[in-house]
Amino acid sequence: MESVVNDETERICAYSGCKRLFDGRKDKMYCSDQCRNAAGREKKKVAKWEEPEHFGQINRIIMRNYQILKRLYNGTLTPVKNWQLSDEGFEFKFMTGIYRLDEGIDIYMCYEYGWYQLSDNKIRIYSVPPLFLTGMAKVTKDG
Ligand SMILES: [Zn+2]
């Protein structure tokens, strides 16, 4: 027998594990609450994104950089020697962003702490209020 689906009443359940014909309103997608819930769970599973392994490794490097900067920050802009950071495992190529000071100096940031490379193998550590950093991110998004 040929099965013709009438748009007004006969529907096919949208849950892939069911696909049953059922009677219902035009906007009804599932034959039952169980199917609606099951479909919702399935959607969630698909939407759940698997974080690549190297994300964790990079995040740990940035966190370590952050902790080293925080520990060595002296609040006076007195330069610190590069080896003081690298001895503790600081990775100069990893950062969360670049913050430009009014003087046109670019500070490499790890969250709210950043550094500026001076010429004689020394760096200067800065602390930028997180509000400034997130404000900067907002400008990027809107622009
Ligand atoms: Zn169903």
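This is a short dialogue on how to read the fold, sheet and cores of a predicted model.

Reader: Where should I start, and which elements does the protein chain have along its length?

Author: Start with the inventory, and keep in mind that this model is predicted. The protein chain holds 4 helices and 7 strands. Read from the N terminus, the order is β-β-α-α-β-α-β-β-β-β-α.

Reader: Thanks! What is the strand order in the open sheet?

Author: For a sheet, follow the pairing rather than the sequence. Here 5 strands form an open sheet in the order β3-β7-β6-β5-β4, and the pairing is antiparallel. The edges are taken by β3 (80–81) and β4 (97–100); each has a single partner strand, so one side of each has no neighbour in the sheet.

Reader: How many bridges join β6 and β7, and how many join β4 and β5?

Author: Between β6 and β7 there are 5 bridges, in the antiparallel sense. One residue pair to look for is Tyr113 with its bridge partner Ser127 in β7. The antiparallel pair β4 and β5 has 4 bridges, and there Tyr99 has Ile107 of β5 as its bridge partner. β5 and β6 are also antiparallel, with 3 bridges; look for Cys110 opposite Tyr113 of β6.

Reader: Which residues have a positive phi in the hairpin of β4 and β5 and in that of β5 and β6?

Author: Look between the strands. The β4 and β5 hairpin has 5 residues between its strands, and Gly104 in the turn shows a positive phi of about 85 degrees. In the β5 and β6 hairpin, 2 residues separate the strands, and Tyr111 has a positive phi near 55 degrees.

Reader: Now the interior. Which residues form the largest nonpolar core?

Author: The general idea first: in soluble globular proteins, nonpolar side chains tend to be buried together. In this model the largest nonpolar core counts 12 residues, including Leu69, Ile107, Met109, Trp115 and Ile125. At least two residues of this core come from each of α2 (53–72), β5 (106–110), β6 (113–117) and β7 (122–127). The most come from β5, which gives 4 residues. Ile68, also in this core, touches Leu85, Glu88 and Phe90, leaving aside residues up to four places away in sequence. Apart from the largest core there is another, of 5 residues, among them Cys13, Tyr15, Tyr30 and Cys35.

Reader: Is β5 largely enclosed or in the open?

Author: Count the buried residues. In β5, 4 of the 5 residues are buried, so this strand is largely enclosed by the rest of the structure. For the protein chain as a whole, 15% of the 143 residues are buried.

Reader: And helix α1, does it lie largely in the open or enclosed?

Author: Of its 15 residues, the number buried is 1, so α1 lies largely in the open. To read its geometry, set the span beside the expected value: α1 (residues 33–47) reaches 21 Å from first C-alpha to last, close to the 21 Å expected at 1.5 Å a residue.

Reader: Is Gly40 buried or exposed?

Author: Gly40, in helix α1, is exposed, with 12 other C-beta atoms within 10 Å. Try also a link across the sequence: Gly40 and Tyr15 are 25 residues apart in sequence, yet 9.0 Å apart in space, C-alpha to C-alpha.

Reader: What share of the contacts links residues 24 or more positions apart?

Author: Among contacts in the protein chain with a separation of 6 or more, such residues account for 36%.

How values were computed: Residues numbered from 1 in each chain as written. Predicted model: local features only at pLDDT ≥ 70, side-chain atom pairs only at ≥ 80, totals over all residues. Buried ≥ 20, exposed ≤ 12 C-beta atoms within 10 Å, placed from the backbone. Contact = placed C-beta atoms within 7 Å. Core = buried A, V, L, I, M, F, W, Y, C linked by C-beta atoms within 7 Å. Pairing = 2+ DSSP bridges. Expected span 1.5 Å × (residues − 1).
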